[in-house]
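Colleague: I am new to this structure and would like a close look at a single part of it. Please take one residue, describe its surroundings, and then work outward to the chain and its internal spaces.

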Amino acid sequence: MEPTTAEQYRSFASREARGSSPLYEELASGVAGDPDLIELLSGLPPAKRQPNLLFAAARYVAGTPAGYQEFRRSVLDHRDAVVATMLARRTQTNEAARCAALYPLLASLPQPLALLEVGASAGLCLLPDRYGYDYDGRLAGDVDSPVRPRCRTEGEPRFPDPGAVTVAWRAGIDLNPLDVTDPDDVRWLRTLVWPGQHDRLRRLDAAIDLARRDPPRIVRGDLNARLGEVAAQAPAHATLVVYHTAVLYYVPDDERATFVEQVQGLGGHWVAQEDPGVLPDLDARLPERPPADVLTYALALDGRPVAFSAMHGGWLRWLAA
(Lines give C-alpha, C1' and ligand atoms only; values in the text may rest on other atoms or scores of the structure.)
Protein backbone atom coordinates (compact mmCIF):
# COMPACT_ATOMS: atom_id res chain seq x y z
CA MET A 1 0.00 0.00 0.00
CA GLU A 2 1.31 3.43 -0.94
CA PRO A 3 1.97 5.74 2.02
CA THR A 4 -0.38 8.65 2.53
CA THR A 5 0.85 12.18 1.95
CA ALA A 6 1.05 12.76 5.70
CA GLU A 7 3.10 9.57 6.10
CA GLN A 8 5.44 10.70 3.31
CA TYR A 9 6.10 13.95 5.16
CA ARG A 10 6.60 12.25 8.52
CA SER A 11 9.07 9.83 6.89
CA PHE A 12 10.90 12.70 5.22
CA ALA A 13 11.23 14.48 8.58
CA SER A 14 12.63 11.44 10.38
CA ARG A 15 14.73 9.76 7.67
CA GLU A 16 15.94 12.50 5.33
CA ALA A 17 15.85 15.86 7.08
CA ARG A 18 16.77 14.86 10.64
CA GLY A 19 20.43 15.62 11.20
CA SER A 20 20.71 17.37 7.83
CA SER A 21 18.26 20.29 7.92
CA PRO A 22 16.49 21.32 11.15
CA LEU A 23 14.25 23.67 9.16
CA TYR A 24 13.12 21.00 6.69
CA GLU A 25 12.54 18.58 9.56
CA GLU A 26 10.29 21.20 11.19
CA LEU A 27 8.47 21.95 7.94
CA ALA A 28 7.86 18.30 7.08
CA SER A 29 6.58 17.50 10.57
CA GLY A 30 4.30 20.52 10.40
CA VAL A 31 2.84 19.64 7.00
CA ALA A 32 2.14 16.06 8.15
CA GLY A 33 -0.25 17.41 10.78
CA ASP A 34 -1.73 20.32 8.83
CA PRO A 35 -5.13 19.55 7.19
CA ASP A 36 -5.01 22.69 5.03
CA LEU A 37 -1.68 21.86 3.42
CA ILE A 38 -2.54 18.17 3.09
CA GLU A 39 -5.69 19.25 1.25
CA LEU A 40 -3.64 21.51 -1.04
CA LEU A 41 -1.25 18.67 -1.81
CA SER A 42 -4.08 16.20 -2.42
CA GLY A 43 -5.17 18.31 -5.38
CA LEU A 44 -1.82 17.67 -7.11
CA PRO A 45 -0.75 14.56 -9.02
CA PRO A 46 0.94 12.07 -6.63
CA ALA A 47 4.36 12.68 -8.20
CA LYS A 48 4.05 16.38 -7.38
CA ARG A 49 3.39 16.01 -3.64
CA GLN A 50 7.00 15.43 -2.59
CA PRO A 51 8.39 17.39 0.38
CA ASN A 52 11.49 18.55 -1.52
CA LEU A 53 9.32 19.92 -4.30
CA LEU A 54 6.92 21.78 -2.01
CA PHE A 55 9.70 23.30 0.12
CA ALA A 56 11.77 24.36 -2.90
CA ALA A 57 8.73 25.82 -4.68
CA ALA A 58 7.73 27.81 -1.60
CA ARG A 59 11.27 29.19 -1.23
CA TYR A 60 11.47 29.91 -4.97
CA VAL A 61 8.27 31.97 -4.75
CA ALA A 62 8.54 33.63 -1.34
CA GLY A 63 12.02 33.08 0.08
CA THR A 64 13.25 30.90 2.93
CA PRO A 65 10.97 31.00 6.01
CA ALA A 66 12.20 31.28 9.58
CA GLY A 67 9.89 28.48 10.77
CA TYR A 68 6.73 26.55 10.14
CA GLN A 69 4.16 29.26 10.74
CA GLU A 70 5.88 31.65 8.31
CA PHE A 71 6.17 28.82 5.78
CA ARG A 72 2.49 27.94 6.16
CA ARG A 73 1.40 31.56 5.64
CA SER A 74 3.63 31.99 2.59
CA VAL A 75 2.27 28.83 0.94
CA LEU A 76 -1.37 29.73 1.58
CA ASP A 77 -0.87 33.41 0.68
CA HIS A 78 0.90 32.47 -2.60
CA ARG A 79 -1.02 29.27 -3.24
CA ASP A 80 -1.41 29.74 -7.02
CA ALA A 81 2.24 30.63 -7.59
CA VAL A 82 3.51 27.78 -5.40
CA VAL A 83 1.26 25.23 -7.11
CA ALA A 84 2.23 26.53 -10.56
CA THR A 85 5.91 26.17 -9.68
CA MET A 86 5.36 22.62 -8.38
CA LEU A 87 3.56 21.65 -11.57
CA ALA A 88 6.21 23.23 -13.82
CA ARG A 89 9.31 22.09 -11.95
CA ARG A 90 10.78 18.80 -10.72
CA THR A 91 13.04 17.80 -7.86
CA GLN A 92 16.21 17.80 -9.94
CA THR A 93 18.84 18.00 -7.23
CA ASN A 94 22.20 17.99 -9.02
CA GLU A 95 24.75 17.26 -6.29
CA ALA A 96 28.31 17.00 -7.61
CA ALA A 97 29.45 15.32 -4.36
CA ARG A 98 27.57 12.19 -5.42
CA CYS A 99 30.36 11.70 -7.96
CA ALA A 100 32.69 10.79 -5.08
CA ALA A 101 30.81 7.49 -4.79
CA LEU A 102 30.73 6.96 -8.55
CA TYR A 103 34.38 7.80 -9.23
CA PRO A 104 36.08 4.62 -7.85
CA LEU A 105 33.72 2.44 -9.89
CA LEU A 106 34.23 4.48 -13.06
CA ALA A 107 38.01 4.41 -12.57
CA SER A 108 37.96 0.60 -12.31
CA LEU A 109 36.55 0.20 -15.82
CA PRO A 110 38.53 0.11 -19.10
CA GLN A 111 39.26 3.66 -20.20
CA PRO A 112 38.24 5.82 -21.97
CA LEU A 113 34.58 5.97 -20.97
CA ALA A 114 31.38 6.96 -22.73
CA LEU A 115 29.18 8.30 -19.94
CA LEU A 116 25.40 8.26 -20.23
CA GLU A 117 23.48 9.55 -17.21
CA VAL A 118 19.71 9.16 -17.02
CA GLY A 119 17.91 11.78 -14.96
CA ALA A 120 20.84 14.10 -15.60
CA SER A 121 19.21 17.39 -14.51
CA ALA A 122 21.79 20.06 -15.48
CA GLY A 123 24.51 17.47 -16.12
CA LEU A 124 26.77 18.27 -13.16
CA CYS A 125 27.22 14.56 -12.40
CA LEU A 126 28.32 14.05 -16.00
CA LEU A 127 31.63 15.74 -15.10
CA PRO A 128 33.30 13.27 -12.68
CA ASP A 129 36.64 13.65 -14.46
CA ARG A 130 36.63 17.42 -13.88
CA TYR A 131 36.35 17.17 -10.10
CA GLY A 132 38.89 16.33 -7.42
CA TYR A 133 38.11 13.98 -4.51
CA ASP A 134 39.40 13.73 -0.97
CA TYR A 135 38.96 10.23 0.45
CA ASP A 136 40.09 10.53 4.07
CA GLY A 137 43.06 12.63 2.93
CA ARG A 138 43.83 10.56 -0.17
CA LEU A 139 43.32 12.61 -3.31
CA ALA A 140 41.97 11.39 -6.62
CA GLY A 141 40.66 12.91 -9.83
CA ASP A 142 41.61 16.42 -10.90
CA VAL A 143 43.43 17.66 -7.81
CA ASP A 144 43.48 21.21 -9.17
CA SER A 145 39.72 21.36 -9.66
CA PRO A 146 37.73 24.05 -7.79
CA VAL A 147 35.25 21.26 -6.98
CA ARG A 148 36.74 18.82 -4.46
CA PRO A 149 34.17 16.95 -2.37
CA ARG A 150 35.36 15.19 0.76
CA CYS A 151 34.23 11.62 1.24
CA ARG A 152 34.65 9.66 4.47
CA THR A 153 35.04 5.93 3.77
CA GLU A 154 34.34 2.86 5.87
CA GLY A 155 35.04 -0.80 5.28
CA GLU A 156 37.54 -2.55 3.04
CA PRO A 157 37.72 -0.63 -0.26
CA ARG A 158 36.37 -2.63 -3.20
CA PHE A 159 38.33 -0.37 -5.58
CA PRO A 160 41.26 0.75 -3.39
CA ASP A 161 43.37 2.73 -5.86
CA PRO A 162 41.18 4.74 -8.20
CA GLY A 163 43.22 5.91 -11.14
CA ALA A 164 42.30 8.54 -13.67
CA VAL A 165 38.91 8.62 -15.33
CA THR A 166 39.16 9.53 -19.00
CA VAL A 167 35.96 10.53 -20.76
CA ALA A 168 35.73 10.26 -24.54
CA TRP A 169 32.01 11.08 -24.77
CA ARG A 170 29.26 12.13 -22.40
CA ALA A 171 25.52 12.67 -22.68
CA GLY A 172 22.47 12.77 -20.45
CA ILE A 173 18.74 12.10 -20.69
CA ASP A 174 16.17 14.05 -18.70
CA LEU A 175 12.45 14.77 -18.96
CA ASN A 176 13.18 18.44 -18.35
CA PRO A 177 16.89 19.29 -18.78
CA LEU A 178 18.16 22.28 -16.84
CA ASP A 179 20.50 24.73 -18.56
CA VAL A 180 23.53 25.97 -16.59
CA THR A 181 23.51 29.13 -18.71
CA ASP A 182 19.87 29.97 -17.89
CA PRO A 183 19.50 32.21 -14.78
CA ASP A 184 16.06 30.80 -13.85
CA ASP A 185 17.28 27.20 -14.08
CA VAL A 186 20.35 28.07 -11.98
CA ARG A 187 18.11 29.78 -9.41
CA TRP A 188 15.98 26.63 -9.20
CA LEU A 189 19.09 24.46 -8.75
CA ARG A 190 20.28 26.74 -5.93
CA THR A 191 16.83 26.63 -4.30
CA LEU A 192 16.98 22.83 -4.26
CA VAL A 193 19.95 23.02 -1.87
CA TRP A 194 18.57 22.70 1.65
CA PRO A 195 18.72 25.77 3.92
CA GLY A 196 21.89 26.09 5.96
CA GLN A 197 23.94 23.74 3.78
CA HIS A 198 26.46 26.36 2.75
CA ASP A 199 29.15 23.91 1.61
CA ARG A 200 26.69 22.32 -0.81
CA LEU A 201 25.74 25.73 -2.19
CA ARG A 202 29.37 26.74 -2.73
CA ARG A 203 30.09 23.40 -4.41
CA LEU A 204 27.04 23.81 -6.66
CA ASP A 205 28.14 27.26 -7.76
CA ALA A 206 31.66 26.01 -8.52
CA ALA A 207 30.33 23.02 -10.47
CA ILE A 208 28.01 25.27 -12.49
CA ASP A 209 30.96 27.53 -13.34
CA LEU A 210 32.89 24.48 -14.58
CA ALA A 211 29.93 23.17 -16.58
CA ARG A 212 29.40 26.52 -18.30
CA ARG A 213 32.82 26.27 -19.93
CA ASP A 214 31.73 23.19 -21.88
CA PRO A 215 28.12 22.27 -21.07
CA PRO A 216 27.37 18.55 -21.34
CA ARG A 217 24.80 17.48 -23.91
CA ILE A 218 21.47 16.50 -22.35
CA VAL A 219 18.68 15.03 -24.46
CA ARG A 220 15.09 15.79 -23.51
CA GLY A 221 12.86 12.75 -23.13
CA ASP A 222 11.84 9.66 -21.18
CA LEU A 223 14.70 7.43 -20.10
CA ASN A 224 13.15 4.30 -21.62
CA ALA A 225 12.14 6.00 -24.86
CA ARG A 226 15.56 7.56 -25.51
CA LEU A 227 18.04 5.16 -23.86
CA GLY A 228 18.80 2.90 -26.81
CA GLU A 229 18.95 5.78 -29.28
CA VAL A 230 21.37 7.88 -27.23
CA ALA A 231 23.52 4.92 -26.18
CA ALA A 232 23.97 4.02 -29.85
CA GLN A 233 25.68 7.38 -30.39
CA ALA A 234 28.55 6.52 -28.03
CA PRO A 235 31.87 5.91 -29.82
CA ALA A 236 32.74 2.25 -30.29
CA HIS A 237 36.26 2.63 -28.84
CA ALA A 238 34.95 3.81 -25.45
CA THR A 239 33.46 1.78 -22.60
CA LEU A 240 29.77 2.63 -22.29
CA VAL A 241 28.61 3.34 -18.73
CA VAL A 242 24.95 4.07 -18.01
CA TYR A 243 24.38 5.46 -14.53
CA HIS A 244 21.88 7.26 -12.33
CA THR A 245 21.38 8.53 -8.78
CA ALA A 246 18.03 8.87 -7.00
CA VAL A 247 16.13 8.69 -10.29
CA LEU A 248 14.25 5.39 -10.42
CA TYR A 249 12.22 6.28 -7.32
CA TYR A 250 10.22 8.57 -9.63
CA VAL A 251 9.68 5.86 -12.26
CA PRO A 252 6.70 3.45 -12.00
CA ASP A 253 7.56 -0.18 -11.16
CA ASP A 254 6.83 -1.60 -14.61
CA GLU A 255 8.91 1.12 -16.28
CA ARG A 256 11.80 0.41 -13.88
CA ALA A 257 11.76 -3.21 -14.98
CA THR A 258 11.81 -2.11 -18.62
CA PHE A 259 14.77 0.18 -17.94
CA VAL A 260 16.76 -2.56 -16.20
CA GLU A 261 16.11 -4.94 -19.09
CA GLN A 262 17.18 -2.30 -21.59
CA VAL A 263 20.35 -1.23 -19.80
CA GLN A 264 21.47 -4.83 -19.26
CA GLY A 265 21.09 -5.45 -22.99
CA LEU A 266 23.32 -2.59 -24.11
CA GLY A 267 26.61 -4.45 -23.71
CA GLY A 268 28.21 -1.81 -21.49
CA HIS A 269 28.27 -1.28 -17.74
CA TRP A 270 25.56 -0.07 -15.37
CA VAL A 271 26.13 1.94 -12.19
CA ALA A 272 23.08 2.51 -9.96
CA GLN A 273 22.95 4.69 -6.84
CA GLU A 274 19.41 4.36 -5.50
CA ASP A 275 17.34 3.69 -2.42
CA PRO A 276 17.69 -0.14 -2.07
CA GLY A 277 13.93 -0.75 -2.14
CA VAL A 278 13.65 0.81 -5.60
CA LEU A 279 15.40 -2.17 -7.23
CA PRO A 280 14.18 -5.43 -5.64
CA ASP A 281 16.85 -7.64 -7.26
CA LEU A 282 19.61 -5.36 -5.98
CA ASP A 283 17.94 -5.20 -2.57
CA ALA A 284 17.84 -8.99 -2.35
CA ARG A 285 21.60 -9.20 -3.02
CA LEU A 286 22.62 -6.84 -0.21
CA PRO A 287 24.84 -8.69 2.29
CA GLU A 288 23.57 -6.41 5.09
CA ARG A 289 20.72 -4.00 5.67
CA PRO A 290 21.17 -0.21 5.44
CA PRO A 291 20.45 1.95 8.51
CA ALA A 292 16.70 2.16 9.02
CA ASP A 293 16.61 5.73 10.31
CA VAL A 294 18.68 7.40 7.55
CA LEU A 295 18.04 7.51 3.82
CA THR A 296 20.97 5.59 2.37
CA TYR A 297 21.64 4.72 -1.24
CA ALA A 298 22.88 1.35 -2.39
CA LEU A 299 25.69 1.70 -4.93
CA ALA A 300 25.83 -1.13 -7.45
CA LEU A 301 27.95 -2.06 -10.47
CA ASP A 302 26.21 -4.22 -13.07
CA GLY A 303 23.52 -5.18 -10.59
CA ARG A 304 25.94 -6.17 -7.81
CA PRO A 305 25.82 -4.00 -4.66
CA VAL A 306 29.25 -2.74 -3.62
CA ALA A 307 28.62 0.04 -1.07
CA PHE A 308 26.19 2.24 0.78
CA SER A 309 26.45 5.96 0.07
CA ALA A 310 25.09 9.20 1.50
CA MET A 311 22.14 11.04 -0.02
CA HIS A 312 24.09 14.21 -0.82
CA GLY A 313 27.59 12.74 -0.76
CA GLY A 314 30.02 12.85 2.15
CA TRP A 315 30.48 9.18 3.06
CA LEU A 316 30.83 5.79 1.47
CA ARG A 317 30.63 2.45 3.27
CA TRP A 318 32.03 -0.44 1.30
CA LEU A 319 30.23 -3.77 1.54
CA ALA A 320 32.05 -7.05 2.00
CA ALA A 321 32.85 -8.76 -1.29
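**One residue and its surroundings**

Modeller: Leaving aside the neighbours within four places in sequence, Thr296 is in contact with Glu274, Asp275, Pro276, Pro290, Pro291, Phe308, Ser309 and Trp315. This is a predicted model, and the contacts of Thr296 are computed from it. Thr296 belongs to strand 9, which covers residues 296-301. The relative accessibility of Thr296 is 2%, so this residue counts as buried; the cut-off for buried is under 20%.

One of the contacts of Thr296 leads on to an internal space. Trp315, which is in contact with Thr296, is also among the residues that line the second largest cavity. The rest of that lining consists of Ala97, Arg98, Ala100, Ala101, Cys151, Gln273, Ala310, Gly313 and Gly314. By class, the lining of the second largest cavity divides into 6 nonpolar residues, 3 polar and 1 charged. Its volume is about 30 Å³.

The count of cavities of 30 Å³ or more comes to 2. The largest cavity holds about 60 Å³ of space. Lining the largest cavity are Gln92, Thr93, Asn94 and Glu95, together with Leu189, Leu192, Val193, Arg200 and Leu204. These lining residues fall into 4 nonpolar, 3 polar and 2 charged.

Now to the chain as a whole. Its secondary structure comes to 12 helices and 11 strands. The radius of gyration is 19 Å, close to the 20 Å that the globule rule gives for 321 residues, so the chain is as compact as a globular protein of that length. Along the principal axes, the C-alpha trace spans about 55 × 40 × 40 Å.

Of the 321 residues in the chain, 54% count as buried, and Thr296 is one that counts as buried. The accessible surface of the chain comes to about 14,000 Å², and 49% of this surface belongs to carbon and sulfur atoms. Among contacts in the chain with a separation of 6 or more, 73% are between residues 24 or more positions apart.

To return to the starting point: Thr296 is in strand 9 and counts as buried at 2% relative accessibility. Its contacts include Phe308 and Ser309 as well as Trp315, and Trp315 is part of the lining of the second largest cavity.

Definitions and conventions
Residues numbered from 1 in each chain as written. Predicted model: local features only at pLDDT ≥ 70, side-chain atom pairs only at ≥ 80, totals over all residues. Heavy atoms only, no water. 1 Å grid on protein atoms, 1.4 Å probe; cavity = no way out; pocket = protein on both sides within 12 Å on 5 of 7 lines; lining within 4 Å. Points joined across faces, edges and corners; volume = space filled by probe spheres on them. Nonpolar A, V, L, I, M, F, W, Y, C, P; charged D, E, K, R; others polar. Helix = DSSP H or I, 4+ residues; strand = E, 2+ residues; numbered from the N terminus. Rg over C-alpha atoms; globule rule 2.2 N^0.38 Å. Buried < 20%, exposed > 50% of the residue type's maximum accessible area, 1.4 Å probe, protein only. Contact = heavy atoms within 4.5 Å. Areas by Shrake-Rupley, 256 points an atom, 1.4 Å probe, with all protein chains shown as cover.
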